[in-house]
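User: I should like to learn how to read a ligand site in a protein model. Please take me through the example shown here.

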Amino acid sequence: MSWPGVLAAYAPYLPVTEKTPSLTLLEGNTPLVYASHLSESWQIRLFLKLEGLNPTGSFKDRGMVMAVAHAIEEGAQTLLCASTGNTSASAAAYAARAGLRAVVVIPEGKVALGKLAQAVLYGAEVFAIAGNFDKALALVRNQADQAGVAIVNSINPYRLEGQQTAAFEVVDALGEVPDVVALPVGNAGNITAYWKGFRAYLQAGKAQRLPRMLGFEAKGAAAIVQGTPIDDPQTVATAIRIGNPASWQGAVNAARESGGSIDAVDDDAILDAYRMLARTEGIFAEPASAAAIAGIRQALTTGQIRTGETVVAVLTGNGLKDPQTALETAQVEIQHLDVDPYHLSEALRRV
Ligand code: F0G
């Protein structure tokens, strides 16, 4: 059977009405890959939810399709968002698909190249501010009353409704609920949506229990962990470079109610995990996504994850989004080779 996209596949669990347009880029249905090497070395059962295989390369498409479909239903002509990159790429793509205008506000110089390329090519109007994501979101929120404009950040409840579908897929693919779900936390919409999704599935009788939710902020942007907003958040993981998460309370509730936690991982740990994931499992995720892997590694040392447990790491975005960080941090030199068979055969003999 062909995949119809998340609105059609999970309609009974979503605010889909007979008036909702059947918008889709065939988002969702992403692979849940068993990480055999990391599972063996960490003595757990680790599965990777590859959200980077969504149509625009991140998990945002799940919530975006729902938010845009609803915006169309309400008669909007313009989609507006603040973004660290992925939301803007997703908004721009669905706007193009639906024939709407997309206006995006981003922090200047802090959006990965691939994400910027996407927004521009999909035809969005891109505005860069001399300020961080939190400032961009404040500007956007200020326009909430503009006629014909729909804000498609995760402060839009339809975004979170759509993003729940990732939790449904985890349960459907595993055939059970994992012990732990680990994911990066930026604006905190995704962890809020997963928790909502698992509870909805429990209520519907599709799940028998709930997982522990472990959320990981980048240390230089760990407002929730520190308990106070951060004016100048800094991290190599630009996707989660956020100092005052909009869904702060949602993340805290998910952690507390599930018996999980929100913790921080530093940039060195994120980059280590980023390289390790690529080299041991053959999976290229963006730095923010690697925070989930760094977090699992840390949680194994603190006892928050125990031997033998089933753990799902949500790899939120595709590594191709950020080629610059890959090249700058891979610790590998690209070597010159003379066009001469002797040189290549010498290189192959070298161990
Ligand atoms: N991972 C990636 C790749 C992201 O792009 C984001 C957020 C997150 C994790 C964190 O998710 O905000 O729901 O806690 N990116 C947003 C954006 C902020 O504008 O693209 P969250």
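**Reading the ligand site**

Analyst: This is a predicted model. One may begin with direct polar contacts, that is, pairs of N or O atoms within 3.5 Å. Here a backbone N or O atom of G186 lies 2.8 Å from an oxygen atom of the ligand.

User: Which side chains place a polar atom at 2.9 Å or 2.6 Å from a nitrogen atom of the ligand?

Analyst: For K60, a polar side-chain atom is 2.9 Å from a ligand nitrogen. For T316, the corresponding distance to a nitrogen atom of the ligand is 2.6 Å.

User: How much of the ligand's area does the protein bury?

Analyst: The ligand exposes 470 Å² when taken alone, and the protein buries 98% of that.

User: Where does the ligand sit?

Analyst: Its place is the largest cavity. Helix 4 (86-98) and helix 9 (189-203) are the elements that contribute two or more residues to the surrounding shell.

User: How many residues surround the ligand, and which are the closest?

Analyst: There are 21 residues around the ligand, the closest being S83, N187, A188, N190 and T316. By character, the shell comprises 8 nonpolar, 11 polar and 2 charged residues.

User: How should the overall dimensions of the chain be read?

Analyst: One compares the radius of gyration with that of a compact globule. For 351 residues such a globule would have a value near 20 Å, and the chain agrees, with 20 Å. The C-alpha trace spans about 65 × 50 × 50 Å along its principal axes, and the chain contains 15 helices and 10 strands.

Note on methods
Residues are numbered from 1 along each chain as its sequence is written. This is a predicted model: local features need pLDDT of at least 70, side-chain atom pairs count only at pLDDT 80 or more; totals for chains, interfaces and linings use all residues. Side-chain values use heavy atoms; hydrogens and water are left out. A residue is near a molecule or strand if one of its heavy atoms lies within 4 Å of it. A polar contact is a pair of N or O atoms within 3.5 Å; within protein, one must be able to donate a hydrogen and the other to accept it, and residues adjacent in sequence count only if both atoms are side-chain atoms. Accessible areas come from the Shrake-Rupley method with a 1.4 Å probe; for residues, only the protein chains shown count as cover. On a 1 Å grid over the protein atoms alone, a cavity is a set of points where a 1.4 Å probe fits but cannot get out, and a pocket is an open set with protein on both sides within 12 Å along at least five of seven lines; lining residues have an atom within 4 Å of a point. A molecule sits in a cavity or pocket if more than half of its atoms lie within 2 Å of its grid points. Helices (H or I, at least four residues) and strands (E, at least two) are DSSP runs, numbered from the N terminus. Ala, Val, Leu, Ile, Met, Phe, Trp, Tyr, Cys and Pro count as nonpolar, Asp, Glu, Lys and Arg as charged, and the others, Gly among them, as polar. The radius of gyration is taken over C-alpha atoms; the globule rule is 2.2 Å times the number of residues to the power 0.38.
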